[in-house]
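Open the model in a viewer and keep the selection panel at hand. The stops below go from one selection to the next.

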Amino acid sequence: MDREELEELFAPFAAVSVRRMFSGHGVYFDGLCFALSLGGDVYLKVDAETQAAFAAVDSRPFVYTARGREVRVGYWLAPPTAFDDEDELRRWASLAVAAAHRAAAKRTAKRQKARARPIKAAKRSARSDPGGRAGSSPSRRRPRH
C-alpha cells in the first residue's frame with residue numbers, strides 16, 4: 001500500500017501520518033508508530049495485553065530473517081475484518097495504539113532508570129576515593145610530604 005491508501009484506510013479511525021520505513025511504511029498516530037505496511041500486508045502493534053486477541057482471529061506475527069536468525073517484532077497481521085468494516089478497523093487500530101502507548105511508557109521508564117544509575121555510581125566512587133574527600137578533584141588535594 002502506498003501513503004495515500006494507508007491514510008484512506010485509517011481515515012475512519014483518525015488522521016494518521018505515514019512515513020517511509022525500511023521497504024514499506026510506518027503509520028503514526030499521536031506521535032507513535034502503531035502500524036506497518038510491508039510487502040502489501042498491514043501489521044498492527046501488539047503487546048502482552050493484546051496478543052491473544054490477534055491470535056484468536058488467526059493473525060500471525062511479522063517475522064523477518066537477519067543474520068540467519070528469525071526476528072519477531074511486536075506487530076501482527078491486521079485481521080481481514082479490519083479492511084471490510086470501519087467499526088472493526090477502529091477497534092483493531094485502537095488496540096494497536098494502546099499497545100504503542102504502553103511500549104512508549106516502558107521505554108521512558110527504562111531510560112529514566114538508566115539515567116539515574118550513573119549518578120549513584122559516581123557518588124559511590126567519590127565516597128570510596130581513598131586520596132581525598134568525596135567530590136573533591138585530584139588537583140585540590142594537599143600534597144603529601
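Start at the hairpin of strand 5 and strand 6, which has 2 residues between the strands, and select Arg67, whose phi is positive, near 55°. Strands here are DSSP runs of E with at least two residues, helices are runs of H or I with at least four, and both are numbered from the N terminus. The model is predicted, so to read it: local features need pLDDT of at least 70, side-chain atom pairs count only at pLDDT 80 or more, and totals for chains, interfaces and linings use all residues. Residues are numbered from 1 along each chain as its sequence is written, and side-chain values use heavy atoms, with hydrogens and water left out.

Next, select both arms of that hairpin. Strand 5 and strand 6 are joined by 5 bridges in the antiparallel sense; two strands count as paired if DSSP finds at least two bridges between them. Val63 stands opposite Arg72 of strand 6.

Now add strand 4 (residues 41–45). It runs antiparallel to strand 6 (residues 69–77), and 3 bridges join the two. Show Lys45 with Tyr75 of strand 6, which stands opposite, then Leu44 with its bridge partner in strand 6, Trp76.

Widen the selection to the whole sheet. The sheet is open, with 6 strands in the order 1-2-3-4-6-5 and antiparallel pairing. Strand 1 (17–21) and strand 5 (61–66) are the edges, each pairing on one side only. Neighbouring strands are turned by 40° against each other on average, direction ignored. Axes are lines fitted to C-alpha atoms, for helices over the stretch in contact, and angles run from 0 to 180 degrees between N-to-C directions.

Select helix 1 (residues 3–10) next. Helix 1 lies across strand 1, strand 2 (24–29), strand 3 (32–38) and strand 4, and runs at about 140° to strand 1. Contact means heavy atoms within 4.5 Å.

What lines the largest cavity? Select Leu9, Phe10, Val42, Leu44, Ala78, Ala82, Phe83, Leu89, Trp92 and Ala93. A cavity is a set of points on a 1 Å grid over the protein atoms alone where a 1.4 Å probe fits but cannot get out, and lining residues have an atom within 4 Å of a point. The structure holds 1 cavity of 30 Å³ or more, and the largest has about 40 Å³ of space. Grid points are joined across faces, edges and corners, and the volume is the space filled by probe spheres set on the points.

Colour the lining by element: helix 1, strand 4, helix 3 (81–84) and helix 4 (86–127) each supply at least two residues. Helix 4 gives the most, with 3 residues.

Terms used
1 Å grid on protein atoms, 1.4 Å probe; cavity = no way out; pocket = protein on both sides within 12 Å on 5 of 7 lines; lining within 4 Å.
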